[in-house]
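Trainee: I would like a close look at one part of this model, the largest pocket, together with the contacts and salt bridges around the elements that line it. Could you take me through that part slowly, and say how far the prediction can be trusted there?

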Amino acid sequence: MARKYSRKASTDVERVMKKRKAGTLRSGRSKKKVKSRKQAIAIGLSEARAKGRKVPKKATKKAAKKRKTAKKRKAGKKR
């Protein structure tokens, strides 16, 4: 089975997770301290994408599109 992320991307995420555990990881513009594990992983993957590592596209776009099509289908059934 193929890897989901490249090894370099995994090390980027690992580095960010260590920063989070140490309490030094800050979020983007607001510079607030990151407490959430999921948010720390997202920051790591974002940094890996910026460096050009092999990381899949953001899943949020796919989920939003799925909801939108489901909503259209539901509206079409009412008519």
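Mentor: What follows starts with confidence, goes on to the pocket, and then follows the side chains outward.

This is a predicted model, and the pLDDT of the chain averages 86, with 91% of the residues scoring at least 70. Confidence is not even along the chain: the mean is highest in α1, at 93, and lowest in α3, at 75. That is worth keeping in mind for the pocket, since α3 (59–78) is one of the elements that give two or more residues to its lining, the other being α2 (37–50).

The largest pocket holds about 300 Å³ of space. Its lining is made up of 12 residues, and those closest to the centre are Ala42, Leu45, Arg49, Lys58 and Ala59. The element that gives the most to this lining is α2, with 4 residues. In character the lining is mixed, as its residues divide into 6 nonpolar, 4 charged and 2 polar.

Among the residues closest to the centre of the pocket, Arg49 deserves a separate look. Arg49 is placed in helix α2, and it counts as partly exposed because its relative accessible area is 29%, which falls between the 20% limit for buried and the 50% limit for exposed. Leaving aside neighbours within four places in sequence, Arg49 is in contact with Val55, Pro56, Lys57 and Lys58, and Lys58 is itself among the residues closest to the centre of the pocket. Within helix α2 and along the chain, a sense of scale comes from Arg37: its C-alpha atom and that of Arg49 are separated by 19 Å, with their positions 12 residues apart in the numbering.

From these contacts of Arg49 one can move to the segment before α1, where Lys4 lies. The C-alpha atoms of Lys4 and Val55 are 7.1 Å apart in space, although the two residues are 51 apart in sequence. Lys4 also touches Lys54 and Pro56, again not counting residues up to four places away in sequence, and Pro56 is one of the residues that Arg49 contacts. With a relative accessibility of 61%, Lys4 counts as exposed. Ser6 is found in this segment before α1 (7–22) too, but Ser6 counts as buried, because its relative accessibility is 18% and the limit is 20%. The residues that Ser6 touches, on the same kind of count, are Arg53 and Lys54, and Lys54 is also touched by Lys4.

Arg53 leads to the salt bridges, of which the count comes to 4. Asp12, Lys51 and Arg53 are linked in a network of them. Within this network, the closest N and O atoms of Lys51 and Asp12 are 3.5 Å apart, and the pair links distant parts of the chain, with Lys51 in the loop between α2 and α3 and Asp12 in helix α1, 39 residues apart. The two partners differ in their surroundings: Asp12 is buried, with a relative accessible area of 5%, whereas Lys51 counts as partly exposed at 48%.

A salt bridge also joins Arg15 to Glu47, with the closest N and O atoms 2.9 Å apart. This pair, too, links distant parts of the chain, as Arg15 is in helix α1 and Glu47 is in helix α2, 32 residues apart. Both partners are partly exposed, with Arg15 at a relative accessible area of 35% and Glu47 at 30%. The bridge between Lys18 and Glu14, at 3.7 Å from N to O, is of a local kind, for Lys18 and Glu14 both lie in helix α1, 4 residues apart, about one turn of the helix. Lys18 is exposed, at 56%, while Glu14 counts as partly exposed, at 46%.

One last detail concerns the loop between α1 and α2, where Lys31 is placed. The phi of Lys31 is near 60°, a positive value in a residue other than glycine. Most residues other than glycine have a negative phi. Lys31 counts as exposed, at 54% relative accessibility.

How values were computed
Residues numbered from 1 in each chain as written. Predicted model: local features only at pLDDT ≥ 70, side-chain atom pairs only at ≥ 80, totals over all residues. Heavy atoms only, no water. 1 Å grid on protein atoms, 1.4 Å probe; cavity = no way out; pocket = protein on both sides within 12 Å on 5 of 7 lines; lining within 4 Å. Points joined across faces, edges and corners; volume = space filled by probe spheres on them. Nonpolar A, V, L, I, M, F, W, Y, C, P; charged D, E, K, R; others polar. Buried < 20%, exposed > 50% of the residue type's maximum accessible area, 1.4 Å probe, protein only. Contact = heavy atoms within 4.5 Å. pLDDT = per-residue confidence, 0-100. Salt bridge = Lys/Arg side-chain N within 4 Å of Asp/Glu carboxyl O.
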